[in-house]
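Me: I am new to this structure and would like a close look at a single part of it. Please take one sheet and walk me through its strands, their partners and what surrounds them.

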Amino acid sequence: MSSVYQNKISSCRICGSNQLKTVIHLAKMPFTDEFISSDQLGTEFLSDIDIAVCKQCACAQNINDTDMGAYYQDYTYSVQSSGFALSFMSTLAERIKSNYFSNKTAPSMLEIGSGTGEQLMAFKKLGFRVIGVEPSDKLSEYANSQEIKTLTTFFDENTTQIVDPEFRTVDAIVTSYTFDHIPRPVEVLNNIHKILNDDGLLIIEVHNLELIRQRNEFCLFEHEHYTYLNERTMRYLLNQNNFDVVTFKLLEESEKRANSLLVVAKKANKSNISEVDVLNEIHLLDSLNNEINKSISRIDNWLNENKKYKIVAYGAGGRGIMTIAALANSNYIQYIVDKNPKSDNIFAPKSHLPVYGIERLAENRADKILIFSFGYYNEIVSELTSKFGYTKDQFISILELLEPANA
Ligand SMILES: [Zn+2]
């Protein structure tokens with residue numbers, strides 16, 4: 001990637017204090033999905049990821065701003081409407097409607113980071129009037145073609161009003177896995193406060209730092225993610241910006257996506273700021289940093305102990321790419337396979353391992369297959385045993401080597 005501009009922040013993204021303590025360090029990490037061709041090897045973006053805790057407000061955050069304007073504008077990746085994702089979206093829409101808008105005719109809903117418009121489509125089916133804001137040209141063009149009105153722009157601290165007069169103020173704002181990509185969340189919350197009707201609702205879904213910690217999923221610390229919140233710090237951030245938490249339990253854990261922190265909030269009548277135990281938050285992330293380093297060593301040791309075998313990694317998603325990028329012994333892996341590689345003749349950033357479709361496992365057989373997409377472990381094992389004649393003892397889940405910290 002040619003034009004990435006990175007800048008260290010001087011003050012907390014949430015409270016503005018200058019007391020940031022770096023607790024998690026991952027050296028020279030790539031973007032999660034910057035796959036490269038053979039002539040681009042070595043030109044990919046690599047930079048340290050440092051996550052700090054603010055000693056004033058306890059919020060965890062990336063200490064670098066990474067300007068990826070061009071990156072998001074060409075961004076075409078979208079959750080490929082898996083059955084689970086679509087069912088999640090309709091469950092979310094139905095629950096919001098039945099819990100909060102059952103008596104309201106045609107409530108208005110704005111989504112920040114609306115992608116291809118699938119979530120808004122679920123609300124529209126239930127009678128909501130909807131509008132999306134999405135910076136990617138391709139995604140917003142697609143959404144508009146599906147009759148989901150979408151503005152092609154960032155929703156950031158400069159967005160003070162939505163140009164469409166019908167949506168000057170709205171009854172609800174939803175944002176899913178976008179809020180943690182916003183470098184200045186406080187300014188954005190102020191703008192949301194202005195656009196939201198007085199009895200309106202704000203629904204935010206982000207990665208839950210508490211679950212990242214419990215599962216030791218350090219692959220989720222990315223250049224693209226600026227803030228890492230748990231229930232305690234999310235509540236603090238909302239309170240500090242004149243919102244009250246309505247609930248963190250809109251959906252059951254089983255109805256939510258992995259690592260999801262889902263909060264419903266409303267405008268506060270008076271500010272009622274919750275306290276966060278700063279030392280405890282720092283302690284939790286300090287121990288996470290130890291666990292991360294131990295996990296990386298365990299995977300490196302496993303690769304070293306098994307280097308006489310032909311090892312193949314399964315899963316070129318964010319987890320595979322970021323975990324492999326953190327290893328010293330990634331060269332003991334022969335190649336990476338994925339069910340849907342982004343294209344032909346591509347290499348993973350940093351490790352420079354080639355990425356192939358799963359058919360490669362037939363032509364170029366592996367002795368051991370290390371599965372990074374552990375959520376699909378059983379499906380993967382069953383497909384590779386029946387299609388290509390692999391045996392169960394050839395598979396290992398990365399989860400066994402990550403060994404999540406005890407909750
Ligand atoms: Zn702070």
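Reply: In this predicted model, a good place to begin is the pair formed by S6 and S7, two strands that run parallel and are joined by five bridges. Within that pair, Glu-111 stands opposite Gly-132 in S7. Strand S7 itself covers residues 129-133, and it is mostly covered, since four of its five residues are buried.

Glu-111 deserves a longer look. Its place is in strand S6, which spans residues 108-112, and Glu-111 counts as buried because 27 other C-beta atoms lie within 10 Å, where the cut-off for a buried residue is 20 or more. If neighbours within four places in sequence are left aside, the residues in contact with Glu-111 are Gln-119, Leu-120, Gly-132, Val-174 and Thr-175. Gly-132 thus appears again, having been named as the residue opposite Glu-111 in S7. By contrast, Ala-258 lies 147 residues from Glu-111 along the chain, and the C-alpha atoms of these two residues are separated by 21 Å.

S6 also pairs with strand S9, made of residues 170-176, in the parallel sense and over three bridges. In this pairing Leu-110 is the residue that stands opposite Ile-173 in S9.

Seen as a whole, the sheet to which these strands belong is an open one of seven strands, in the order S8-S7-S6-S9-S10-S13-S12, and its pairing is mixed. At its edges stand strand S8 (150-151) and strand S12 (243-247), and because each of them has a single partner strand, one side of each is left without a neighbour in the sheet.

Helix H5, formed by residues 185-195, lies across S6, S9, strand S10 (196-207) and strand S13 (260-267), and the helix runs at about 145° to S10. In the loop between S9 and H5 one finds Tyr-177, a residue with a positive phi of about 50° although it is not a glycine. Tyr-177 counts as partly exposed because it has 17 C-beta neighbours inside 10 Å, a number that falls between the limit of 20 or more for buried and that of 12 or fewer for exposed.

Gln-119, already met as a contact of Glu-111, leads on to a pair of helices. Helix H2 (residues 83-100) and helix H3 (residues 118-125) have axes that come within 9 Å and cross at roughly 45°, which makes H2 oblique to H3. The crossing of these two helices is right-handed. On the side of H2 the contact is made by Leu-86, Met-89, Ser-90 and Ala-93, while H3 brings Glu-118, Gln-119, Ala-122 and Phe-123. Sorted by class, the residues in this contact of H2 with H3 are five nonpolar, two polar and one charged.

For a second sheet to set beside this one, there is an open sheet of four strands in the order S2-S3-S4-S11, where the pairing is antiparallel. Its edges are strand S2 (20-29) and strand S11 (227-228), each with a single partner strand, so one side of each is left without a neighbour in the sheet. S2 pairs with strand S3 (residues 47-54) in the antiparallel sense over seven bridges, and there Leu-26 stands opposite Ile-49 in S3. Helix H8, residues 278-305, lies across S2, S3 and strand S4 (60-62), running at about 25° to S2.

Key. Residues numbered from 1 in each chain as written. Predicted model: local features only at pLDDT ≥ 70, side-chain atom pairs only at ≥ 80, totals over all residues. Pairing = 2+ DSSP bridges. Contact = placed C-beta atoms within 7 Å. Axes fitted to C-alpha atoms, helices over the stretch in contact; angles between N-to-C directions. Parallel < 35°, antiparallel > 145°, perpendicular 65-115°, else oblique. Left-handed = near helix turned anticlockwise from the far one by under 90°. Nonpolar A, V, L, I, M, F, W, Y, C, P; charged D, E, K, R; others polar.
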